Structure formats: structure tokens, C-alpha cells
Amino acid sequence: MTTATRIDGKAMAAGIIETVKAATAALAPHTVPGLAVVIVGEDPASQVYVGSKARMAEDCGFHSVKHVLPAETAEADLLALIADLNADAAIHGILVQLPLPPQIDANRVIQTIDADKDVDGFHLLNVGRLGTGAIDAAFVPCTPAGSMLMLRKILGDDLSGKTAVVVGRSNIVGKPMAQLLLAANATVTIAHSRTKDLAAVCRGADILVAAVGRPEMIRGDWVKEGAVVIDVGINRVDAPERGTGKTRLVGDVAYEEAAARAAAITPVPGGVGPMTIAMLMANTVTAAYRAAGKAAPR
Ligand code: NDP
């Protein structure tokens, strides 16, 4: 039986997009936020992500530019494009869709992006700002930033006394999520594939964030009664019940089981996913405000 509050990421994201649109209108006509998305190769999932980011940017009233480069693009050519975008005053945010093909060093590409246009929050300057608590000056990676807003909606801004467990230690989700929780005064554990007795670690969490990439790995009896669960995972699994060859999306958490114990939980789809794209738009508008020498809207 489901008893938990379902944290509706779609509705929250729609609210953020309205704020972004208003902030964009307030900058006109002198500044139009500009977002450049760059994709190398034809990975179908990446193409879907890039397409929806570019469409959302247009919907927000941004100047939206999409660069689609062939899979065999040389690193030097991609770096040259980034240099051009860095120098382009009409572009405030640059996003390079990952993963990149093997001939390109993704880290070198990310570090070439002007930190002031790094709306993904992956540049070392922004990573360092987040890590040292200078969050207002940083661009925070979109998925953890969106996850944090969802948590705040349930628990408020101050997580003092709360125990948080983040399962997953990637640079784009797990680690920045842990930094945000720490900055909000939670007591944070980061768990990963080498963690012993993960179920017991999770059972201690008032706040449980799953960013693993394993379908429904986190079971209901891993969830503390009354916990808030943020499921970042997006996994496509076979769904023969929907017909031959059909698939569906599930998270890293077994939703129904977890919802029977949690106080609140994000669904998949419709949870963290829409928030991620909304936060990208919010970061881009922030970049445009900073470039215009104005205080960014909050
Ligand atoms: P990564 O593969 O980079 O990281 C996965 C992490 O999970 C690693 O730290 C790994 O540990 C840990 N892990 C793997 N298996 C286990 C296990 N059996 N027990 C405990 N920990 C384990 O993934 P990402 O962080 O990029 O993404 C995580 C998930 O979030 C994916 O499903 C992805 O699709 C989704 N995602 C969703 C987004 C959204 O918008 N909602 C955006 C980005 C990602 P170790 O380090 O030891 O290998």
C-alpha cells in the first residue's frame, strides 16, 4: 500500500520554468539568455536529451543554438568550437552532452568551457566553489540541484540533525548531492559499490538519495520508516506485460515497496528527470543575469 507523498517533479519543474520565463522577459530587450548545446555522434539517448534541452530553451524565450558534430570529430575541432562559444557574447551557457566518443578527452573539453558559462557545473572552478561552500557563486550540477529543491519542499532549508545517505559517488550526481546536503547541515554518508551491508546503511537514512543506475536495487525494507527518498536513477527495462518488445522506465528504488514506508518519494518517470532540465534553464538565466551585471533571480 502506498502511503508516501509523491513528490511531483513535473509540477515543480513547470513552476521553475515559469520563473525562468519571467526572469527572461525582465532582461529583455538588452539581454536574451543564450544556450548552446553541443552533441558529438549519434547516441540515440543523447540525441533525445539534447533535443529536449534545446526545445525547452526556445520555450523559455532563450536564444537556443544546437551544434551536432559527427562521431569522428577530432578533439581539436571540438575545442575550437568551445573557444568560439566562449567568445560569443550572445551565448551565456554552454552544454556539451556526455558521453563523448573515445578520441575526445571529456575532461579537457569541460575544463575548456568558460566557468562563467558552465551551466552544467562540471568545471573545476564550479566544483571547487560548491566544495568550499561558496554555493551562491557556483553553478551547481542540475540533477543534484533539482533533487535538493525537491527535498527542501518536504523538509525545509535546514537539514540539521538529519542523516542523509547518498548511494552513488559520480562527479555529476553523487558527490555534488552530498556537498549540497552537507551545506544544508545534514550528516552525510556516501555509499557506493564497495560499501559493506548497503541495506543497513540505507536503513539509517532520514534522507535517502539513490543515484546508482541499477533498476529497483533499493528495496522497501532498506528504507527507514518516515524517510524522504529521492530516486535519481533512470533505467529502461523490458515490459512484456505491455506487449512484445515494449519497455518502461524505472528508478533505482522499488517504488511501491519504498512508498509503503517512506514519508515522501520521487517517482520515475516524473520526478528528478524534469527537474534536471528545469535547473539547466535556471542556471542559464543566472549566467545571463551575471553577464548583464545584474543580481540573478532566486
Ligand atoms: P555512474 O555510473 O557514474 O555512477 C553510479 C554510482 O553507483 C557509482 O558511484 C557506483 O559505485 C555506484 N554503484 C553501482 N553499483 C552499485 C551497487 N551495486 N551498490 C552500490 N553502489 C553502486 O552513474 P550516474 O551518477 O551518472 O547516474 C546514476 C543514475 O542516475 C543512472 O541511472 C542515471 O541514468 C541517472 N541519472 C539521472 C539523471 C536525471 O536527470 N534524473 C541525470 C543523471 C543521471 P562505484 O563508484 O564504486 O563504481
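Are the residues on the two faces of strand S4 (residues 93–96) buried or exposed? I looked this up and found both faces covered, with Gly-93 and Leu-95 buried on one side and Ile-94 and Val-96 buried on the other. I call a residue buried if 20 or more other C-beta atoms, placed from the backbone, lie within 10 Å of its own, exposed if 12 or fewer do, and partly exposed in between. Strands (E, at least two residues) and helices (H or I, at least four) are DSSP runs, numbered from the N terminus.

I note that this is a predicted model, in which local features need pLDDT of at least 70 and side-chain atom pairs count only at pLDDT 80 or more, while totals for chains, interfaces and linings use all residues. Residues are numbered from 1 along each chain as its sequence is written.

Next I followed the pairing, which requires that DSSP finds at least two bridges between two strands. Strand S2 (residues 34–40) pairs with S4 in the parallel sense over four bridges, and I found Ala-36 opposite Ile-94 of S4. S2 is also joined to S3 by seven bridges, again in parallel, with Ile-39 standing opposite Val-68 in S3.

I then put the three strands together as an open, parallel sheet in the order S3-S2-S4. Strand S3 (63–69) and S4 each have a single partner strand, so one side of each edge strand is left without a neighbour in the sheet.

Last, I checked the domain bounds, which come from an automatic or database domain assignment: the protein chain is divided into domain 1 (28–125) and domain 2 (140–275), and their C-alpha centres lie 28 Å apart.
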